[in-house]
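I wanted to look up how some of the helices in this model are bent and how they pack against one another. My notes are set down below in the order in which I looked.

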Amino acid sequence: MKLESVRKVYLETDFLPIIIGVIGIAIWTYGWIEHDFKILSLGLLFVFLQNVIFAFKKVKERLLFLIFQLVLFTFLLSRPFMGIFSDDKWWLKASQAEENVRFAVLILILSLEALFVGAFLVSKFVNTTVINTEKQKQERKVWLASLQSIALLAFMFTAVFFFIQEFEKLQFMASRTYVEYYSEFRKQLPGCIYIFASFMKYSLCIFLATLPSKKKAFLPLLIFEISAVPSLSIGIRNPLILNSLFIFIYYFIRDIVENKKKWIGKIEKALLIITTPVLIIFMMLYSSIRSGLKVQLGNPLMMIEKFFYDQGMSIDVLSMAYGHRRNLPTHDWQNYTFGGIIDYIRYGKIGQIIFGTQSLPEGNNLVNARESNSLAHQLSYITMRDKYLNGRGLGSSYLLENYFDFGYIGVIIFSLVLGAVLILFIKLFYKYTFMRVIILVSLTSLFFMPRAEATGWLTFIVTLQFWTCVAICYVGAWIIKSSDILQKILKKLYLYNININ
């Protein structure tokens, strides 16, 4: 009976992760007082485990939160965690003063705890149940069928322009190294090609937001995955990773809520188990390939360990950035957290008319290093100078951007909101179609935040391209919904199906 009571408490409460978190904070505090980075790392490990256990308890509604923890581990926590069980003094790798490294572990634990609190509060106190009448359900099916058709057509059309855009990059990269892409590549094609190409991702997300069948979604998602191959050929691996992660998340979310059709069956599970370690090893080898270094094969487990250690260099970026904080340039409208949004408004087409500005150039250059709101450009320039201008870079992190803009309280508040959002995205997914569009577009880049912009995943909200694509698809859906002739034509082309969720 007592065992059953313990089991009930474990399943119905988050008592265990909270206890682990409290232990982690106590260990971390002791390490802080003693200036012992191994103990600080152990404290971080316990707080990380708190978040992971919390996520696994209800993994269906906390999947996004779990994935974010794993990404945090990959980019920011892997080196400290490995250092606990080895003689590796990771805190010396960046050749930074002790106060700079202490800053890094401080904002990490603040963010980890705030992420947990934000996720915990939403999990416990937010309910988003939606009840529709039968009439509303029928009207919704007709509307979704129309929107699904036009969004699929838009995706297929704009995908052509996207691949034309990528082919231009491939042509440029002939006989060049991948770092030259960042310093020398300039767009030469007509502007309309880039505009249509930018619609591809948005139209795909609108299509997926209509909840197509697994069979119907397969080809568009396959094309989306293949669309990252040209970037991989250039030497840019992030699109492939983010696209693959997006597809997995979409399948998982649909699998959670589908009653009739399972989205993650035996085939998908087998592929996931097989491809994950293979992809990790490939990405590690790819770093050597694109840099022209000799590929070194070895024990697969050791190669996976090396992959995480190499990726974990972002914690060095945290300490380096703090050490160089007084050298960062300042200007009007200075803000890193919302930098992409501010730069789009100030230097985009509308900003050029209102403020008399000029568009920011592409790639690594002095203009971006001094005048933009991109911490990635500014930090890389002040720490690397010529290497930055030749195409190298350090990246950024939402933690740094929050801190430089709003201090430690900014790190806490932003992480609280982010933890809440990672739970809300699952809870809100089936509430409104347009809400699904926003969520899906966000998920295409959200998980790169630990080593990228704080709100880069939200910048699309203010762009003309996004709203133009939405307007085209929604107006087109209204026209199809109002026309029996168009519906019949689309049915013959197998592009219109009223029997959707």
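The entries that follow take one bent helix and then two helix pairs, all read from a predicted model.

Entry 1, helix α20. I began with α20, residues 398-428, and compared its span with that of a straight helix: 31 residues would cover 45 Å at 1.5 Å a residue, but the end C-alpha atoms of α20 are only 24 Å apart. Looking for where α20 bends, I found a bend of about 135 degrees at Phe406.

Entry 2, α3 and α4. I next took α3 (residues 37-57) and α4 (residues 59-84), whose axes lie 9 Å apart at an angle of about 165 degrees. Angles over 145 degrees count as roughly antiparallel, and I therefore noted α3 and α4 as roughly antiparallel to each other. The crossing of α3 past α4 is left-handed. Among the residues in contact I listed Leu42, Leu45, Phe48 and Val52 of α3, and Phe65, Leu66, Phe73 and Leu77 of α4. Sorted by class, this contact of α3 with α4 holds 16 nonpolar, four polar and three charged residues.

Entry 3, α8 and α22. I then turned to α8 (residues 191-209) and α22 (residues 464-481), whose axes come within 9 Å and cross at roughly 50 degrees, an angle that makes α8 oblique to α22. I recorded the crossing of α8 and α22 as right-handed. The contact includes Phe199, Tyr202 and Ile206 from α8, together with Phe466, Cys469, Val470 and Cys473 from α22. By class I noted eight nonpolar and four polar residues in the contact of α8 with α22, and no charged ones.

Technical notes. Residues are numbered from 1 along each chain as its sequence is written. This is a predicted model: local features need pLDDT of at least 70, side-chain atom pairs count only at pLDDT 80 or more; totals for chains, interfaces and linings use all residues. Side-chain values use heavy atoms; hydrogens and water are left out. Helices (H or I, at least four residues) and strands (E, at least two) are DSSP runs, numbered from the N terminus. The expected span of a helix is 1.5 Å times one less than its number of residues. The bend at a residue is the angle between axes fitted to the seven residues ending there and the seven starting there. Axes are lines fitted to C-alpha atoms, for helices over the stretch in contact, and angles run from 0 to 180 degrees between N-to-C directions. Angles under 35 degrees count as roughly parallel, over 145 as roughly antiparallel, 65 to 115 as roughly perpendicular and the rest as oblique. A crossing is left-handed if the near helix is turned anticlockwise from the far one by less than a right angle, and right-handed if clockwise. Contact means heavy atoms within 4.5 Å. Ala, Val, Leu, Ile, Met, Phe, Trp, Tyr, Cys and Pro count as nonpolar, Asp, Glu, Lys and Arg as charged, and the others, Gly among them, as polar.
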